[in-house]
Amino acid sequence: MNLQRLPAICGMLAPVWFLVALLAFAAARSDFSHLTKAVSELGAVGAPHALAWNIVGFGAVGVLIAILAWGIWRQAGARFAALLVAVSGIAFAAAGVFPADMTNFEADTTRLHILASLM
């Protein structure tokens, strides 16, 4: 594989990966509705398969976005744009590192999750 293309491939794969993971993990939960539940609830404290979702749904996608940012930095020379994309990818992964506690919105992990989600 040509390493110069890897960031572009990761950039194209990230939304597809997220969508497939979202649909799969949501389908695995009979109580999950895309109309009434937040995506974060798939990885919330105590949720079924939370660790798997946080790794596959948030972490992997965040890494793919960060690789895209690296490619933008190296190949396009758009440093500020690359920085913004990198922050987005890191924040996406951080949303999985800090799962929300849906019963305690004052918990540190919940606050960090919300902060990461806003970035």
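In the next few minutes I will walk through the overall layout of this chain, then its aromatic residues and nonpolar cores, and finally one acidic residue in a loop.

Please keep in mind throughout that this is a predicted model, and that every value I quote has been computed from it.

Let me begin with the overall layout. The protein chain has four helices and zero strands, so the order of elements, read from the N terminus, is simply α-α-α-α. Along its principal axes, the C-alpha trace spans about 45 × 30 × 20 Å. There are 119 residues in the chain, and 35% of them count as buried. If we take the contacts with a separation of 6 or more, 50% of them are accounted for by residues that sit 24 or more positions apart.

I turn now to the aromatic residues. The structure holds five aromatic pairs, and I will describe two of them. Phe 18 and Phe 92 make an edge-to-face pair, with 5.5 Å from centre to centre and 85 degrees between the planes. That pair links distant parts of the chain, since Phe 18 belongs to helix 1, residues 6-27, whereas Phe 92 belongs to helix 3, and the two are 74 residues apart. Phe 92 itself is partly exposed, because its relative accessible area is 24%.

The other pair I want to show is Phe 25 with Trp 53, again edge-to-face, at 5.4 Å centre to centre and with 70 degrees between the planes. Because Phe 25 lies in helix 1 and Trp 53 in helix 2, which covers residues 50-76, this pair ties together parts that are 28 residues apart in sequence. Are these two residues buried or exposed? Phe 25 has a relative accessibility of 17%, and therefore counts as buried, the cut-off being under 20%. Trp 53 is buried as well, with a relative accessible area of 0%. Taken together, Phe 18, Phe 25, Trp 53, Phe 58 and Phe 92 form one aromatic cluster.

Some of these residues return in the nonpolar interior. The largest nonpolar core has eleven residues, among them Phe 25, Trp 53 and Phe 58, along with Leu 22, Phe 32 and Leu 42. Helix 1, helix 2 and helix 3 each supply at least two residues of this core, and the largest share, four residues, comes from helix 1. If we leave aside its neighbours within four places in sequence, Trp 53 is in contact with Phe 18, Ala 21, Leu 22, Phe 25, Val 39, Leu 42, Gly 43 and Phe 58. There is also a second, separate core of five residues, which includes Cys 10, Ala 14, Val 61 and Leu 64.

As a counterpoint within helix 1, consider Ala 24. This residue is partly exposed, because its relative accessible area is 44%, and its C-alpha atom is separated by 9.8 Å from that of Trp 53, 29 residues apart along the chain.

Finally, I would like to draw your attention to Asp 101, which lies in the loop between helix 3 (79-97) and helix 4 (108-118). Which side chain of opposite charge is nearest to Asp 101? It is Arg 111, but that side chain is 11 Å away, and Asp 101 is buried yet has no salt bridge. What Asp 101 does have is a polar contact of 2.7 Å between its side chain and that of Thr 103. Beyond its neighbours within four places in sequence, Asp 101 is in contact with Val 45, Ala 107 and Thr 110.

Technical notes
Residues numbered from 1 in each chain as written. Predicted model: local features only at pLDDT ≥ 70, side-chain atom pairs only at ≥ 80, totals over all residues. Heavy atoms only, no water. Buried < 20%, exposed > 50% of the residue type's maximum accessible area, 1.4 Å probe, protein only. Lys, Arg positive; Asp, Glu negative; His and termini not counted. Salt bridge = Lys/Arg side-chain N within 4 Å of Asp/Glu carboxyl O. Polar contact = N/O pair within 3.5 Å; in protein donor to acceptor, adjacent residues only side chain to side chain. Contact = heavy atoms within 4.5 Å. Phe/Tyr/Trp six-rings, centres within 6.5 Å; stacked < 30°, edge-to-face > 60°. Core = buried A, V, L, I, M, F, W, Y, C linked by side-chain atoms within 4.5 Å.
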